Amino acid sequence: MAGQGSSTGPRLHFLEVLTPVVLLAVLGIFALPNYLGFRPRADLRQTVAAVHELLEAAREASAARGIARLRFDPAKRLVVLEVGEARDPAAELELPRTVQFGYGYGSGISPFPLLLDDGRNLAATEDGVSFDDNAVGFRGGILMGYPGLIYLRTDRGDAEALFVRITGGIESYEWNGQGWRRSTDS
């Protein structure tokens, strides 16, 4: 028997191999739509956190180096931290494919209510950044210019905004389907 070259151990039957493969495929069919719905929202949350960190870094850098700013380029989906009078690039953030600037004109999402005495809304913007020249500047840790917002959204209707106060404080807001409310992650 030793020279016949046949195995005497147990063999898997075709159904024993096929059953787990079919079960995994069925689970994948149900999990994929959930993942596709979850991914853009997770990307939005991560992007808001990253922009928040860059705003904090700009404020801190301005206290140390006199001036710092975040420059937003909605067309290129880019955020650049520039430090010092020479505007040396210190950090860069490219938005993920699922996230873009803007709060969703035409999708029922209105701008954050940041009204002046004359009725103008400082938060209204076409491209998602309400600051002049799409840049947020800090000098000595204090915001230069008017307060404003950076809106980030997904195509699935999720929207969040970062509100930069004149003091340099930063607050996060999210759209809840009817209005803006302070984010619990702030």
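The paragraphs below go through a predicted model, from its overall layout to its cores, one buried charged residue and its largest pocket.

The protein has 186 residues, and 40% of them count as buried. Its secondary structure consists of 1 helix and 10 strands. Read from the N terminus, the helix comes at the start and the strands follow it. Among contacts with a separation of 6 or more, 49% join residues 24 or more positions apart.

In soluble globular proteins, nonpolar side chains tend to be buried together. Here the largest nonpolar core holds 27 residues. The members that touch the most others are L55, F72, V79, V136, I150 and V164. At least two residues each come from α1 (14-65), β1, β2 (78-83), β5, β7 (148-153) and β8 (159-164). The helix α1 gives the most to this core, with 7 residues. A second core lies apart from this one and has 13 residues, including I109, L149, A161 and F163.

V79, one of the residues with the most neighbours in the largest core, shows what such a position touches. Leaving aside neighbours within four places in sequence, V79 is in contact with V51 and L54, with L70, R71 and F72, and with A91, E92, L93, L95 and F101.

Not every residue of interest is nonpolar. E160 lies in strand β8. Is E160 buried or exposed? With a relative accessible area of 2%, E160 counts as buried, because the cut-off for that class is under 20%. The side chain of E160 makes a polar contact with the side chain of R45, at 3.4 Å. Beyond four places in sequence, the contacts of E160 include R41, L44, R45 and V48. They also include I150, Y151 and L152, as well as Y173, E174 and W180. I150, in contact with E160, is also one of the residues that touch the most other members of the largest core.

The last feature is the largest pocket, which contains about 360 Å³ of space. Its lining is made up of 19 residues, and D132, A135, V136, G137 and M144 lie nearest the centre. The elements that give two or more residues to this lining are β1 (67-73) and β5 (135-139). What is the chemical make-up of the lining, in nonpolar, polar and charged residues? It divides into 9 nonpolar, 4 polar and 6 charged residues. V136 links two parts of this account: V136 is among the residues nearest the centre of the pocket, and V136 also belongs to the largest nonpolar core.

Terms used. Residues numbered from 1 in each chain as written. Predicted model: local features only at pLDDT ≥ 70, side-chain atom pairs only at ≥ 80, totals over all residues. Heavy atoms only, no water. 1 Å grid on protein atoms, 1.4 Å probe; cavity = no way out; pocket = protein on both sides within 12 Å on 5 of 7 lines; lining within 4 Å. Points joined across faces, edges and corners; volume = space filled by probe spheres on them. Helix = DSSP H or I, 4+ residues; strand = E, 2+ residues; numbered from the N terminus. Nonpolar A, V, L, I, M, F, W, Y, C, P; charged D, E, K, R; others polar. Core = buried A, V, L, I, M, F, W, Y, C linked by side-chain atoms within 4.5 Å. Buried < 20%, exposed > 50% of the residue type's maximum accessible area, 1.4 Å probe, protein only. Contact = heavy atoms within 4.5 Å. Polar contact = N/O pair within 3.5 Å; in protein donor to acceptor, adjacent residues only side chain to side chain.
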